[in-house]
Every structure is written in structure tokens, then in C-alpha cells.
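Hello,

Here is the structure I promised to pass on. Have a look at it first, and then read on for what turned up.

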Amino acid sequence: MERYLGAHVSASGGLKNAIANGLELEVNSIQTMFSAPMRWSTKDIDEKQIEEFAEAAANSNIKKILFHGVYLINLARAEKQMFHLSKLSLLTHLSASAKLAEGIKERGSECEVLGVTFHPGSAKDLTPEEGVKRISYGLNWILEQLKGGMILLESSAGSGQIMGDTLEELVAMREGVEDKARVGYVLDTQHMFVSGYDWRDNLDGIISQIESTIGLENVKAFHLNDSMKPFDSHKDRHANLGEGEIGSEAIKKLLSHSKLADKPFILETPNLKSMATARKEVAVLKSLAQ
């Protein structure tokens, strides 16, 4: 079975450049963003971008594509304006991803657009239970506006009142959604580690927990990161593979787990800051996946 190994890549200068950057890194899976991470994006993608990206993807060896929402999104926000901006931004991302997926499909390519992943948000003005309901409400609104596309909740490190640091909380968000078939998950290894999931000593136990809560079939990808911060610290600080608290041995076992053989593993490590260091990080990823 072909393994899906990839990295977050820039789309600077045009969305199609994300494909070119993925090819330069010699990966078969990529994650990219439609706009700058700290800027609201509510403008839909145009036909030229769809044509160029779909053509580039269909004629490449990229097999899995994941889009990431901007970091400003917060569906757990009580304040109406920020909540509505978050919904609109996610709706725009979902619409774009669905159009790109259709464009790729029309070209007969096996390349798959996994969907749009995002950080659920911080319930600073709400209780955790109210935050979960707010997120589910927002997701229902978004999915009602558009019939295509997949939304993927990302696991969090859980500092402060950040939502989604436990599998139980993630599944509760999806439970409140009517169209559950269009909601899945992306699990971040660093976020989970600092939230109390110890990949070093409890890999099989964590896989069993995933199966019994959110369902392994609903996990569409992993963000593969080592951790600068210690276990159960709830601090979101990624480290390069093998240079953090999780370590090479645990990452290697995670990558080789038989139940995860079909899951894309996508890097978000500090080494991705330049193409030169990103190539080195991809080489480490491939060596650990052997």
C-alpha cells in the first residue's frame, strides 16, 4: 500500500504554487492555506485559480490535499460579529475546496481533496459545554449553506479555554451536527501529546481510544509534529521530528502502525520555514516511515 507522507506548503504567488512546492519536496500529500493565516478570508476562489490548481494537481503525483482555515476562526465565540466572521470564513474555504475537488475529479485524477481543517476555537465567554454547542451550531449553519465539501475538526493543545483537546470533546462537537457525514477530524500529534495522550508509552491504547470515540474512519489525516513542551503541559509548541519530547522511536512506531497505513501524515514542524530545511525534514519523515 502506498503511504501518504506530506508537508504544509506555501501557496504564495498563486494557489497552484502549492502543488509545485509539494512536488519540489517530493511528497505525495500537502496541506496549504487559501490566504495569510492571520487575515480574514471571505472572498470566494475565482475560475482561473480553480482551473490552474485542478490542472496542476491532476497532472502531478500529489494524492492527498488538505486545506487549513485561517487562525482567526473561532466557532466557540459568544460575541456575534467574530462568530459570524468565523462562519463566513469557513464557508468560503469549504466552497473553494469543493470547487477544486470537482475540478480535479473532472480531469480523471485520483488526487483527493480531504477537506478543510480548522481550530475549533476558544470558549473564553462560555462554559465548555456551551462552547461545544456553539461550535456545533456554527457547523450546522455552514453545512446548510453548501452541499459539497468536508469540514475537519483539529485536535488542540487545550491551553486556557481552547476547545478540542480531548477526543470526547471532539466527538461531542460532531454529535451536535445534523450532517455528520461531512464532519471529520485531523489529529495533531503534538497537540495530543501535550493534552495527555502519550505516544511514547501508550500507542495502542490511544488508537483504541480513537476507535471507541471519534472513530478511526473519521480521522482523515494526522499533523505529524514532535513537541518542544513536555507531556500533558497543554502548550502548543511544535518541534522538528526527533528533536522533541515525543522522540524518533515513538514517531516511527506511530508511522508504522498497521491501523494507520492509509492515513496521510502531514508535517507542520519548524523546519518547514524554508525549502532547504523542509527538504531535510521530509527526508527524516521518509526515513522514519521505512
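In strand β3, K64, L66 and H68 point one way, while I65 and F67 point the other way, and all of them are buried. Please keep in mind that this is a predicted model. In a regular strand, side chains alternate between the two faces of the sheet. Because five of the five residues of β3 (residues 64-68) are buried, the strand is largely enclosed by the rest of the structure.

What sits on either side of β3? Strand β2 (residues 29-33) runs parallel to β3 and is joined to it by five bridges, with T32 having F67 as its bridge partner in β3. Strand β4 (residues 112-118) also runs parallel to β3, again through five bridges. Two positions help to set the register with β4: I65 stands opposite V113, and L66 stands opposite G115. Between strands, β3, α3 and β4 form a right-handed β-α-β unit.

I65 deserves a second look. Apart from its neighbours within four places in sequence, I65 is in contact with I19, I30, F53, A57, I104, C111, E112, V113, L114 and G115. I65 and F53 are also the residues with the most contacts inside the largest nonpolar core, which has 80 residues. Helix α3 (residues 80-106) supplies the largest share of this core, seven residues. There is also a second, separate core of seven residues, and L66, L152, V186 and A221 are among them. So that you can place these on β3: I65 points one way from the strand and L66 the other way, with I65 in contact with F53 and L66 in the second core.

Moving along the sheet, β4 and β5 pair in the parallel sense over three bridges, and F118 has L153 as its bridge partner in β5. In β5, I151 and L153 point one way and L152 and E154 the other way, and all are buried. The next pairing, β5 with β6, is parallel too, over four bridges; here the partner of L152 in β6 is G184. The chain gets from β5 to β6 through α5, and this β-α-β crossover is right-handed.

Which strands make up the whole barrel? Eight of them close it, in the order β1-β2-β3-β4-β5-β6-β7-β10, with parallel pairing. From one strand to the next, the twist averages 30 degrees.

Two helices are worth opening up on screen. Helix α4 (residues 128-145) has 18 residues and reaches 26 Å from its first C-alpha to its last, close to the 26 Å expected at 1.5 Å a residue. Its buried residues are G131, V132, I135, S136, G138, L139, N140, I142 and L143. Their cover includes α3, β4, β5 (151-154), α5 (167-175) and β6 (183-188).

The other is helix α8 (residues 248-255), which lies across β1 (5-8), β7 (219-224) and β10 (265-267). Relative to β7, α8 runs at about 160 degrees.

If you have only a few minutes, I would start at β3, where all five residues are buried, and then follow the strands around the closed barrel.

Best wishes

Technical notes: Residues are numbered from 1 along each chain as its sequence is written. This is a predicted model: local features need pLDDT of at least 70, side-chain atom pairs count only at pLDDT 80 or more; totals for chains, interfaces and linings use all residues. Side-chain values use heavy atoms; hydrogens and water are left out. A nonpolar core is a set of buried Ala, Val, Leu, Ile, Met, Phe, Trp, Tyr and Cys residues joined through side-chain atoms within 4.5 Å. Buried means under 20% relative accessible area, exposed over 50%, partly exposed in between (1.4 Å probe, protein chains only). Contact means heavy atoms within 4.5 Å. Two strands pair if DSSP finds at least two bridges between them. A crossover is right-handed if, with the strands pointing away from the viewer, the path from the first strand over the helix to the second runs clockwise. The expected span of a helix is 1.5 Å times one less than its number of residues. Axes are lines fitted to C-alpha atoms, for helices over the stretch in contact, and angles run from 0 to 180 degrees between N-to-C directions.
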